[in-house]
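Colleague: I should be grateful for a close look at one part of this model, written for a student in the first year. Please take a sheet as the starting point and then follow its surroundings outward.

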Amino acid sequence: MGATKVVEIPVTLEIPIGPQHPALHEPLMLKVYADGEEVVKVDVNTGYNHRGIEKLCERNSFYRNIFICGRVCGICNTVHANCYVRAVEYLMDIDPPRRAKYLRVLAMELERIHSHMLINAIMAEILGFDTLFMYIMRDREKVMKAKEILTGNRVLADYMMVGGVRRDIDEVKRDRLLKILDTVEREAKRYMRVFETDDTITKRLIDVGVIKPSQITRYGLLGPTARGSNIKIDARMGDRYDAYDEVPFNVVVRKEMDSWARMMVRWEETLESITICKYALEHLPSDGPAVPDERRLPRKFPPGESFARVEAPRGELTYYVSSVGKQIPYRVKIRTPSFNNIINSSFSYIGYSIADVPVILTSYDPCISCMERAVVIDTERGVRKSVSLRQLAMGEI
Amino acid sequence: MGGPAILKEVLQRFFSKPVTIQYPFEHVEVEKDLRGRHYTDLNKCIGCGLCALECPADAIKMEKLPEDKKPKRNPRGLYPVIDYGLCVFCYRCVTVCPVNAFIVTNYYHLASPKKPDSRDLTLKTLSGEGGGGM
Amino acid sequence: MEIPERLKFLSDLVKQVYTLKPNRIVLEIDKENVRKVFESLLDHLGDTGFYLAVITGTDYPDKNMIRLDYYVITHPDKEVYVFRTWLPRDDPRIPSLIDILPAALSGECETYDLLGVFFEGNPYLRRGFFVPPDVYEKGIYPLRKDAEV
């Protein structure tokens, strides 16, 4: 009795939103081989677009690269720009003033809040709980408004610059941001309670996709995926970059090791981020100009190399920048957390049923425009038909 | 049981106005300093071309001014034209200009069937019309 | 520079030690010793004591070498250590780590597809991993300095 149905699930990684777009990329395909309802083998096929960005970064000046690297991912654009800017600042041994560091932390934590709300909404939508999806998105709009007040744009905040940030805030904006954060905190607590108590969610998520701690470090998984399995890795705690050496915060870790633990880690991190934002807004130092004069920044960079890492909403993001003394870098290497989380995790689907595969994949938080289509190959009748991942999750094949 | 918790809100929302803003027919409130359409003020521009060099999207081209209008501070007679189809509104040109010659607005209704660029808005500043926000 | 205390058990395999900004420690090793270094790390630091973060390759056509970096981050204290090896550019081969440390899968596949470094013992290496077919059919490795894409 062999397998009668083979399910191929194509998934795309990283949304490069940007000016220079090289040719079309291949989507990520998880070829899931299933015997009846149980998954027996998974193959990973990838091909994605941000590789073109590494070659592109070798041809543009250091300052143009800030805007290019900010467009590797639409959801995490502040953290990409921040990591690149910090790697360049290490090359030059520049230390920005404390006010700029606090504002950077504010922008990055706002992004973490809206990214976590987004993935929880998508998890609810994959399970079929559309009402919760709509409600979370409505409250996420308030966070986007907060980003607009701070940086000038809802999604792509071109906020980071070598030596500081590009805009400052005054008292009026600060009060508006504090009011928005109070509202979001109330709503986030309510949604977290729904995730804890609602049967629709707990029955689908608990004990699905269990990963043991030793498997996490050997397979190199990062971010909330690792923190949901009791491994306390967080680049904010490790490097203490920007203002994280002065702002108090906790690293959230859970012991249950399944998909439910990973989503709860994200809700608790949302509440932690709101606390960090409020602390940063109330304790903004005024020790120096947060906005450097962009016309007076140096154009040539000394030779050397540097390695910076940052805690993106999905895990640890690293940038390696090397320069040989010209106006353009010699090598820029970007390693995004989804790269490790998605490619190295094909072992974790084995033994679960097909309807669990989208749930497990969503709990790793692939970068958004991913979960698009799944192709079902019925080998008995030789017929291929496309179903959306949501129909797959609701068992409609 | 989480069911009744959301259920109460669902029933309340059933009878109240939807949250969706019907965009083209209703007005959306945006911030005053949203990064919207920007163009050059030719009363200040010196034609150095830094904005065109620094644009990450290569959306700015320097073009020659019409023959009768060549102010003294602009010896090469060039002015920047921004192609809004390529522009990513990062405002690098605005911050890097040595004489602060860009006028910024928060106008964002830029979808149009033909390619928009800043030529008309920029040339109007020289004759004294236009200028300021939209 | 001296080898840090924590990694003293590697002192016979390490040739040189220096720093990478902002204060990461680089240890240069020979390419044949890569597996020994990682097996020794697993023995001394344990299964959950560290993780392999990044595998980076850089092309130096003027020196005729390709440089490969393995970034290792230790778990409770979060120190970053870089293991650096140099490979000849004409025949870049190095033993693979995939059976002792499965986290190397993504990094090795990417470095093979983009730079042409062959990892011996890795059954998952293939050309179409990231690079679209119209480039790899010409045999071009896109990230090399002489490749025009």
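Modeller: The account below begins with one sheet of chain A and then turns to the core, to some loops, and to chains B and C. The model is a predicted one, and every statement should be read with that in mind.

Let us begin with the sheet. Strands β6, β7 and β8 of chain A form an open sheet, in that order, and their pairing is antiparallel. Because β6 (304-312) and β8 (331-335) of chain A stand at the edges with a single partner strand each, one side of each is left without a neighbour in the sheet. From one strand to the next, the twist averages 10°. Five bridges join strand β7 (residues 315-323) of chain A to β8(A), again in the antiparallel sense. Within this part of the model, A:Tyr319 stands opposite A:Ile334 in β8(A).

A helix accompanies these strands. Helix α3 (residues 77-92) of chain A lies across β6 and β7 of chain A, and its direction makes an angle of about 150° with β6(A). One residue to follow here is A:Ala87, which touches A:Ser306, A:Phe307, A:Ala308, A:Tyr319 and A:Val321, if residues up to four places away in sequence are not counted.

The next topic is the core. The largest nonpolar core has 163 residues, and those that touch the most other members are A:Tyr84, A:Ala87, A:Leu106, A:Tyr319 and C:Val72. Helix α4 (residues 98-127) of chain A provides the largest share of this core, 16 residues. As a general background, nonpolar side chains tend to be buried together in soluble globular proteins.

It is useful to place these details within chain A as a whole. Its secondary structure comes to 14 helices and 10 strands. Of the 397 residues in chain A, 54% are buried. Among the contacts in chain A between residues at least 6 apart in sequence, 72% join residues that are at least 24 apart.

Two residues in one loop of chain A deserve attention for their backbone angles. A:Arg240 is found in the loop between α10 (235-239) and α11 (259-282) of chain A. Its phi is near 50°, a positive value in a residue other than glycine. A:Arg240 counts as exposed because 12 other C-beta atoms lie within 10 Å, and the limit for an exposed residue is 12 or fewer. A:Met257 also lies in the loop between α10 and α11 of chain A. This residue has a positive phi of about 70°, although it is not a glycine. A:Met257 counts as buried because it has 20 C-beta neighbours inside 10 Å.

Chain B touches chain A as well. In this interface, 21 residues of chain B are in contact with 20 residues of chain A. On the side of chain B that touches chain A, α1 (3-14) and α3 (92-96) of chain B each supply at least two residues. The largest share of that side, four residues, comes from α1(B). Sorted by class, the side of chain B that touches chain A has 13 nonpolar, three polar and five charged residues.

Chain C, which supplies C:Val72 to the list of core residues above, offers a helix to examine. Helix α2 (residues 104-115) of chain C has 12 residues and reaches 16 Å from its first C-alpha to its last, close to the 16 Å expected at 1.5 Å a residue. Because 12 of its 12 residues are buried, α2(C) is largely enclosed by the rest of the structure. The buried residues include the charged residues C:Glu108, C:Glu110 and C:Asp113. Just after α2(C), C:Gly116 takes a positive phi of about 90°.

One residue of this helix shows its surroundings in detail. C:Ala104 lies in helix α2 of chain C, and C:Ala104 is buried because 23 other C-beta atoms lie within 10 Å. C:Ala104 touches C:Leu52, C:Ile55, C:Leu97 and C:Ile98, not counting residues up to four places away in sequence. C:Ala104 and C:Ala53 are 51 residues apart in sequence, while their C-alpha atoms are 8.7 Å apart in space.

A last feature of chain C concerns a peptide bond. The bond from C:Lys21 to C:Pro22 is cis, with omega near -5°. C:Pro22 is found in the loop between β1 (14-20) and β2 (24-29) of chain C.

Methods: Residues are numbered from 1 along each chain as its sequence is written. Chains are lettered from A and ligands numbered from 1 in the order in which they are written. This is a predicted model: local features need pLDDT of at least 70, side-chain atom pairs count only at pLDDT 80 or more; totals for chains, interfaces and linings use all residues. Two strands pair if DSSP finds at least two bridges between them. Axes are lines fitted to C-alpha atoms, for helices over the stretch in contact, and angles run from 0 to 180 degrees between N-to-C directions. Two residues are in contact if their C-beta atoms, placed from the backbone, lie within 7 Å. A nonpolar core is a set of buried Ala, Val, Leu, Ile, Met, Phe, Trp, Tyr and Cys residues joined through C-beta atoms within 7 Å. The expected span of a helix is 1.5 Å times one less than its number of residues.
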